[in-house]
Amino acid sequence: MEFNKISEKWQKNWEAKEIFKTKEDKKKEKCYILEMFPYPSAAGLHMGHAFNYTIGDIYSRFKRMSGFNVLYPMGFDALGLPAENAAIKAKSHPKEFTEKAIQNYIKQMKDLGLSYDWSRLVKTCDPNYYKWNQFIFLKFLEKGLAYKKKSAVNWCSECKTVLANEQVHDGKCWRHESTDVELKQLSQWFIKTTDYADELLDKVDDLDWPDRIKSMQKNWIGKSYGTEINFEINGKTWPIFTTRPDTLFGVTFMVVSAQHQELNSLVTEEQREEVDRFLKKIKSVSEKEMMVVEKEGVFTGSYAIHPLTQEKVPVYAGNFVLADYGTGMVMSVPAHDQRDFDFAKKYKIEMKEVISSKNQELTKAYVGEGKLINSEEFNGMESKEAKDKITKLLQKNKLGKKTTQLKFKDWLVSRQRYWGTPIPIINCESCGQVPVPEKDLPIELPHDVKFGEGNPLETNKEFTDVPCPKCKGDAKRETDTMDTFFDSSWYYLKYCDPNVKEMFNQKAVDYWMPVDFYIGGAEHACMHLIYARFFTKALRDLGMLSFDEPFTKLFNQGMLHAEGGEKMSKSKGNVVLPEVISKKYGVDSARFFLVSLAAPDKARDWDEKGIESTFKFLNRVHEYVKSVKVGKSAPRTEHRVNRAIEQIEEDIKSFNYHTATIKLRILFDKLESEISKKDLESVIKLFAPFCPHLAEEFWEIIGNKPFISLESWPKVNKSKINEKFDKEEEFTDKAVSDIVNILNLIKTETKKVYLYVLPNDLEFYNAEDISRRTNKEVTIFKVNDKDKCDPENKSKKAKPGKPAIYIE
């Protein structure tokens with residue numbers, strides 16, 4: 001097909017001349033445009049990915065033509081569990097498997113005509129990249145932002161390894177479906193993200209991001225204001241956070257997380273067997289699963305001492321309390337909390353009403369505020385006053401204090417898997433945890449490891465058995481690897497400077513950062529986007545950066561569904577592949593069609609008939625460019641071209657690509673058989689961001705030298721814009737629509753159409769244009785024309801901007 005030959009030709013020319021290669025230029029205003037880099041799966045790109053990348057490419061091409069120095073790079077989030085699992089399944093090594101997938105992605109991306117600067121390619125599996133992960137980790141360690149502590153994990157006894165939450169299916173290992181997952185306490189590495197919680201929260205409203213993403217980040221950080229109350233258990237003080245100190249006298253039991261590392265110290269010998277039985281039932285440390293499982297618990301045998309009444313309160317272990325929220329224990333007030341109410345009913349625990357609900361019987365928890373009862377000297381007080389007074393009493397007696405609590409947790413970055421960045425620590429019995437000297441970085445992943453026998457890195461003794469950097473004695477290398485969110489938390493900085501000798505060049509980062517326009521899915525709101533913000537702030541405080549936020553503007557693209565609105569998936573067999581569509585219709589047809597369906601942030605359905613229509617339209621444009629007479633434009637054409645430049649520029653700036661494509665269609669349909677070269681060049685330039693290959697070909701057809709991609713965006717000549725033409729087109733369009741509707745209703749053979757217009761409106765109607773578009777003979781009369789043909793006196797119905805119509 002001719003379109004495919006055109007695409008191949010211009011892709012080769014772009015690559016040969018490196019026309020999208022970027023360098024710093026202080027004379028130009030910079031624009032850094034970036035899509036969230038993909039994990040390179042073996043399946044490759046589908047049409048949904050193509051849509052996502054087309055959004056950024058259109059904007060990049062527009063900004064480049066508008067005179068900006070554009071940085072538009074691409075890379076691959078290439079480490080992680082999916083690649084490791086897929087490689088094992090394919091009986092391949094993750095390194096070879098990933099490299100093959102990356103090459104396929106690059107080919108597909110080039111085939112889409114994406115104008116990336118490939119000289120800045122980042123692959124997180126490259127030791128020259130993850131060396132700097134290790135460098136950052138060591139800097140965090142120096143600053144006290146990295147530390148190790150025990151934490152609950154999912155453990156498979158068959159795999160002899162830790163499982164991610166997503167690898168636990170209904171309490172079973174994803175690989176061994178008959179093996180129950182166990183909970184284990186392991187010593188793991190954390191990053192102290194909570195040190196930046198206040199700044200992450202306080203600055204989120206300043207971001208030019210979608211409101212729902214900002215709300216999701218606020219909820220994820222989850223700052224609550226309340227009171228910390230000291231309960232004594234077995235001689236030890238446990239500070240318990242609550243937002244409802246007014247219910248303190250209603251506490252009838254406590255619940256400690258079943259994952260708490262100090263749970264054993266609370267379990268009495270009499271209850272040991274029962275607690276162990278209960279713990280074996282818990283199948284995952286996933287917070288998501290905790291929210292949906294039935295709330296269960298077991299009495300530990302210990303009691304807490306109520307700080308104000310000195311009553312003994314039983315302590316339960318429960319499957320619904322997070323170990324790392326506060327102290328991992330909550331006070332339970334069943335009369336005034338529905339979750340506690342359900343738990344108390346199940347285990348026949350006493351309920352004590354302390355806020356008057358005026359209910360005769362407790363059939364459900366009363367969770368509102370009100371007057372206190374059964375609360376000693378606080379009886380009769382309203383909740384708001386009681387919260388303050390009870391907190392003050394606790395503070396006075398050193399039994400509590402006013403405080404804030406975060407849902408946000410420190411970031412667990414340890415992974416007991418192979419395909420990740422090795423943590424640069426050596427464990428020595430004499431010296432403890434010793435950082436690897438910076439001169440020895442990178443610590444590279446060994447190629448020869450065995451999978452399926454616990455942590456793969458532990459199977460390579462050359463990797464694990466090393467001398468201690470301090471005492472030179474025998475030591476063991478850390479075999480945990482980093483969470484791959486570590487890799488994606490700073491990759492945007494590396495694009496600014498691709499050299500491998502340093503993490504990044506300060507001048508280059510100062511020139512390009514922050515990212516001006518960041519495109520990606522809303523599903524990354526609470527992981528990647530928070531971690532990237534944290535990294536920027538932490539690196540700033542280490543003296544490496546001079547700005548506070550990484551991404552100025554964030555754009556969430558809409559989802560592309562299969563025909564009928566279903567999600568595309570291999571299992572349903574409804575995945576639309578770019579290479580298949582390009583072969584049939586050409587890549588520019590796919591690009592133009594994808595963005596014409598709806599606004600880029602809205603969902604859309606694939607439609608085979610729709611792309612066929614686009615293909616036919618672009619063929620008509622191609623034929624027009626080849627055959628049009630280049631001479632002089634009529635005033636109406638000059639008006640239409642300049643009006644289109646003005647409107648399409650605004651549409652692209654505001655990412656209303658769908659309305660821009662509509663205006664391009666309307667403009668083309670109204671072009672005349674003769675046009676000036678300048679106006680024809682402007683029309684082709686308007687197509688260039690959307691259909692770059694065809695635009696290059698059109699540019700060459702009319703006798704210009706390559707490349708239109710590097711030409712200037714057309715400038716509006718306002719003197720050529722005539723408001724009268726706009727009004728004429730508006731009136732004519734309405735008249736055509738009304739005539740067509742009437743013809744569809746009467747469905748009889750007609751020869752002539754008569755329009756009756758008000759005298760002041762006559763100049764806005766073009767009989768020749770209306771005749772051509774309706775395929776009927778059209779005559780236009782003023783309503784006061786004495787010689788008009790009006791057999792049914794229809795002219796009386798004419799209104800301003802709405803002619804009366806008679807069809808003969």
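**Exercise 1. Are helices H17 and H19 oblique or roughly parallel to each other?**

Solution. This is a predicted model, and the exercise starts from the geometry of the two helix axes in it. The axes of helix H17 (residues 578–585) and helix H19 (residues 608–627) come within 11 Å, and they cross at roughly 40°. Angles under 35 degrees count as roughly parallel, and H17 and H19 are therefore oblique to each other. The handedness of the crossing of H17 and H19 is right-handed. On the side of H17 the contact is made by Ile581, Lys584 and Tyr585, while H19 contributes Glu608, Ile611, Glu612 and Phe615. Sorted by class, the residues of the contact between H17 and H19 comprise 4 nonpolar and 3 charged, with no polar ones.

**Exercise 2. Determine how helix H20 is oriented towards helix H22 and towards helix H21, and describe each contact.**

Solution. Begin with H22. Helix H20 (residues 635–653) packs against helix H22 (residues 677–687) at an angle of about 30°, with the axes 10 Å apart. Because angles under 35 degrees count as roughly parallel, H20 and H22 are roughly parallel to each other, and their crossing is left-handed. In this contact Glu638, Val641, Ala644, Ile645 and Ile648 of H20 meet Asp679, Ser682, Val683 and Leu686 of H22. The contact of H20 with H22 contains 6 nonpolar, 1 polar and 2 charged residues.

Continue with H21. Between H20 and helix H21 (residues 657–669) the packing angle is about 165°, and the axes are 8 Å apart. Angles over 145 degrees count as roughly antiparallel, so H20 and H21 are roughly antiparallel to each other. The crossing of H20 with H21 is left-handed. The H20 residues involved are Arg640, Val641, Ala644, Gln647, Ile648, Asp651 and Ile652, which meet Tyr657, Thr659, Ala660, Lys663, Leu664 and Leu667 in H21. By class, this contact of H20 with H21 has 8 nonpolar, 2 polar and 3 charged residues.

**Exercise 3. Which residues touch the most other members of the largest nonpolar core?**

Solution. The largest nonpolar core holds 167 residues, and within this core Phe140 and Tyr492 touch the most other members. Helix H2 (residues 47–65) gives the most to this core, namely 9 residues. A second core lies apart from the largest one and has 34 residues, including Phe249, Phe278, Met329 and Val333. As background, nonpolar side chains in soluble globular proteins tend to be buried together.

The surroundings of Tyr492 can then be listed, leaving aside its neighbours within four places in sequence: Tyr492 is in contact with Tyr32, Leu34, Met513, Val515, Ala532, Phe535, Thr536, Pro550 and Phe551.

**Exercise 4. Establish whether leucine 34, leucine 71 and serine 7 are buried or exposed, and name their contacts beyond four places in sequence.**

Solution. Take leucine 34 to begin with, which is found in strand E1 (residues 30–35). Its relative accessible area is 0%, so leucine 34 is buried. Not counting residues up to four places away in sequence, leucine 34 touches Pro73, Tyr491, Tyr492, Tyr495, Val515, Phe517, Tyr518 and Ile519. Valine 641 is 607 residues away from leucine 34 along the chain, and the C-alpha atoms of the two are separated by 31 Å.

Leucine 71 has its place in strand E2 (residues 69–71). Because its relative accessibility is 0%, leucine 71 counts as buried. With neighbours within four places in sequence left aside, leucine 71 is in contact with Thr22, Cys31, Tyr32, Ile33, Arg120, Tyr495, Cys496 and Trp512. From leucine 71 to aspartate 516 there are 445 residues in sequence, whereas the C-alpha to C-alpha distance in space is 9.9 Å.

Serine 7 belongs to helix H1 (residues 2–17). At a relative accessible area of 7%, serine 7 is buried, since the cut-off lies at under 20%. Leaving aside neighbours within four places in sequence, serine 7 is in contact with Val587 and His693.

**Exercise 5. What share of the residues in the whole protein is buried, and what share of contacts joins residues at least 24 apart?**

Solution. The protein has 808 residues, and buried residues make up 54% of them. Of the contacts between residues at least 6 apart in sequence, 75% join residues at least 24 apart. The secondary structure comes to 25 helices and 32 strands, and the C-alpha trace spans about 110 × 75 × 50 Å along its principal axes.

Methods: Residues are numbered from 1 along each chain as its sequence is written. This is a predicted model: local features need pLDDT of at least 70, side-chain atom pairs count only at pLDDT 80 or more; totals for chains, interfaces and linings use all residues. Side-chain values use heavy atoms; hydrogens and water are left out. Axes are lines fitted to C-alpha atoms, for helices over the stretch in contact, and angles run from 0 to 180 degrees between N-to-C directions. Helices (H or I, at least four residues) and strands (E, at least two) are DSSP runs, numbered from the N terminus. Angles under 35 degrees count as roughly parallel, over 145 as roughly antiparallel, 65 to 115 as roughly perpendicular and the rest as oblique. A crossing is left-handed if the near helix is turned anticlockwise from the far one by less than a right angle, and right-handed if clockwise. Contact means heavy atoms within 4.5 Å. Ala, Val, Leu, Ile, Met, Phe, Trp, Tyr, Cys and Pro count as nonpolar, Asp, Glu, Lys and Arg as charged, and the others, Gly among them, as polar. A nonpolar core is a set of buried Ala, Val, Leu, Ile, Met, Phe, Trp, Tyr and Cys residues joined through side-chain atoms within 4.5 Å. Buried means under 20% relative accessible area, exposed over 50%, partly exposed in between (1.4 Å probe, protein chains only).
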